[in-house]
Amino acid sequence: TCIICVIIAFFGAFMNVFGTMDKTVEDNLYHNPQTIDTRIKIIKIDDRTMNQLGDFSTWSRDIYAELVETICVSEEVKPAVIGFDVLFSSEKDAEADKRFADVCSKYGNVVTGFAYVFKNEVRTDENGNLISDGMTVDEVIAPYSILEDATSQGFVNALMDEDDSIIRSSFLYFDEQNGNRELSFSARIYEQYMKSKGLEPEWPTDKNAMGFRYSGKPGEYENISLIDVIEGKVPAEAFDDCIVLVGAYAAGMMDAYFVPVDKSAQMYGVEIHANVIQALLEGKTLEPVSMWVNCLISVLVVLALVILCEKLSVVNVIIVCVLTGLIKLLIGFFVFKAGYSSNVLIVPIMAVAIAVYYVALHYYRAKAAKRSIERAFSKYV
């Protein structure tokens with residue numbers, strides 16, 4: 001029994017058998033947003049703005065130039081960084097395009113987004129084996145040339161979980177085949193903000209992506225309609241020295257995703273960027289606990305439970321197993337808050353299974369002892 005339980009616990013943790021269910025439990029138990037950073041503000045392209053200015057895809061770049069000029073009053077009163085989560089991929093009106101680029105160049109605090117279009121490609125790895133690479137760049141949708149020269153850029157591609165399409169991680173950078181390293185939109189804004197404070201950015205990992213904890217739910221970051229800003233209803237001083245993100249905030253713009261902090265409502269992409277930036281600023285990043293550490297913890301806990309339950313009564317077996325499961329979930333909470341994502345379910349489920357087994361075993365042994373006494377008594381009579 002002991003060996004079988006240990007083997008099940010080891011391979012359960014090693015193969016992460018509960019996968020998506022494990023992540024869902026982690027989302028519901030541990031992902032509790034608390035305080036948003038008031039330095040991060042969102043200027044939203046919402047339905048009210050489009051009702052007055054028309055569909056945003058038809059807008060002249062004059063609108064964006066006017067927005068930048070409205071919130072950048074001078075070198076002393078302006079946002080630390082303005083991030084446009086909008087693809088300015090083609091030229092429209094030459095005069096308006098130039099005006100927008102000139103304004104961005106004047107203040108030097110604008111980050112624009114670009115997007116990679118990936119494709120699957122079969123290639124040979126360093127060992128000579130054929131592999132399928134789903135991150136081969138097929139196309140880059142970049143800002144028009146003079147805007148690209150006038151701004152910093154970061155790619156806006158979202159990183160969704162393959163199993164349930166929920167965004168729990170974010171790209172930090174992407175290494176192109178020519179050796180060029182490009183930062184993600186959120187990482188570029190974080191870098192720009194730190195430099196504006198005279199500080200060096202502190203990257204949480206050397207990997208190209210990171211897990212992160214959300215600080216706000218959908219709609220919780222301060223958000224102002226773009227039309228209100230342009231019309232002067234919000235003073236420019238409200239954005240002074242802040243990180244200002246401009247992006248889609250309407251359902252029809254197809255830029256909303258499911259997130260772990262609210263499964264009932266989608267979060268707009270610009271809000272996800274806000275959460276990622278705050279995670280970088282405050283160290284709210286998540287590093288997965290090593291698979292071997294998960295295996296070791298699972299094996300040791302299950303081994304201790306089996307040895308202990310052999311000596312306990314039915315009631316005590318139930319109490320010990322329930323407490324073990326609850327303590328593991330509680331420890332998981334503190335591990336999560338410390339910045340680590342661990343295997344949540346294997347120990348509690350194994351504890352329940354062990355409790356059921358020993359309750360059944362006690363019942364079987366009691367029944368067997370009763371039958372033995374009855375047989376002995378009948379022989380005596």
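Two strands count as paired when DSSP finds at least two bridges between them. In this predicted model, strand β9, covering residues 209-212, meets that mark with β14: the two are joined by 2 bridges and run antiparallel. One spot to look for along the pair is glycine 211, whose bridge partner in β14 is leucine 286.

On its other pairing, β14 (residues 285-288) goes with β15, this time in the parallel sense, again through 2 bridges. Here proline 288 sits opposite serine 341 of β15. Put together, these pieces belong to an open sheet of 4 strands, ordered β6-β9-β14-β15, with mixed pairing. The edges of that sheet are β6 (169-171) and β15 (340-341), each of which pairs on one side only.

Stepping back from the sheet, the protein as a whole has 12 helices and 15 strands. The overall build is more spread out than a compact globule, because the radius of gyration comes to 28 Å, well over the 21 Å that the globule rule gives for 381 residues. Laid along the principal axes, the C-alpha atoms fill a box of roughly 110 × 55 × 40 Å.

What about contacts along the chain? Counting contacts with a separation of 6 or more, 77% are accounted for by residues 24 or more positions apart. As for cover, 45% of the 381 residues count as buried. The accessible surface of the protein adds up to about 19,300 Å², and carbon and sulfur atoms own 57% of that area.

Charge is the next thing to check. The protein carries 33 positive side chains and 51 negative ones. The centres of these two sets do not coincide, lying 14 Å apart.

One residue gives a handy feel for the layout: lysine 367. This lysine is found in helix α12, which takes in residues 346-380. Is lysine 367 buried, exposed or partly exposed? With a relative accessibility of 43%, lysine 367 counts as partly exposed, because that class lies between the 20% cut-off for buried and the 50% cut-off for exposed. For a sense of distance, valine 137 makes a useful partner: 230 residues separate lysine 367 and valine 137 along the chain, and their C-alpha atoms are 68 Å apart.

How values were computed:
Residues are numbered from 1 along each chain as its sequence is written. This is a predicted model: local features need pLDDT of at least 70, side-chain atom pairs count only at pLDDT 80 or more; totals for chains, interfaces and linings use all residues. Side-chain values use heavy atoms; hydrogens and water are left out. Buried means under 20% relative accessible area, exposed over 50%, partly exposed in between (1.4 Å probe, protein chains only). The radius of gyration is taken over C-alpha atoms; the globule rule is 2.2 Å times the number of residues to the power 0.38. Contact means heavy atoms within 4.5 Å. Accessible areas come from the Shrake-Rupley method with a 1.4 Å probe; for residues, only the protein chains shown count as cover. Lys and Arg count as positive and Asp and Glu as negative; His and the chain ends are not counted. The place of a charge is taken as NZ of Lys, CZ of Arg, CG of Asp or CD of Glu.
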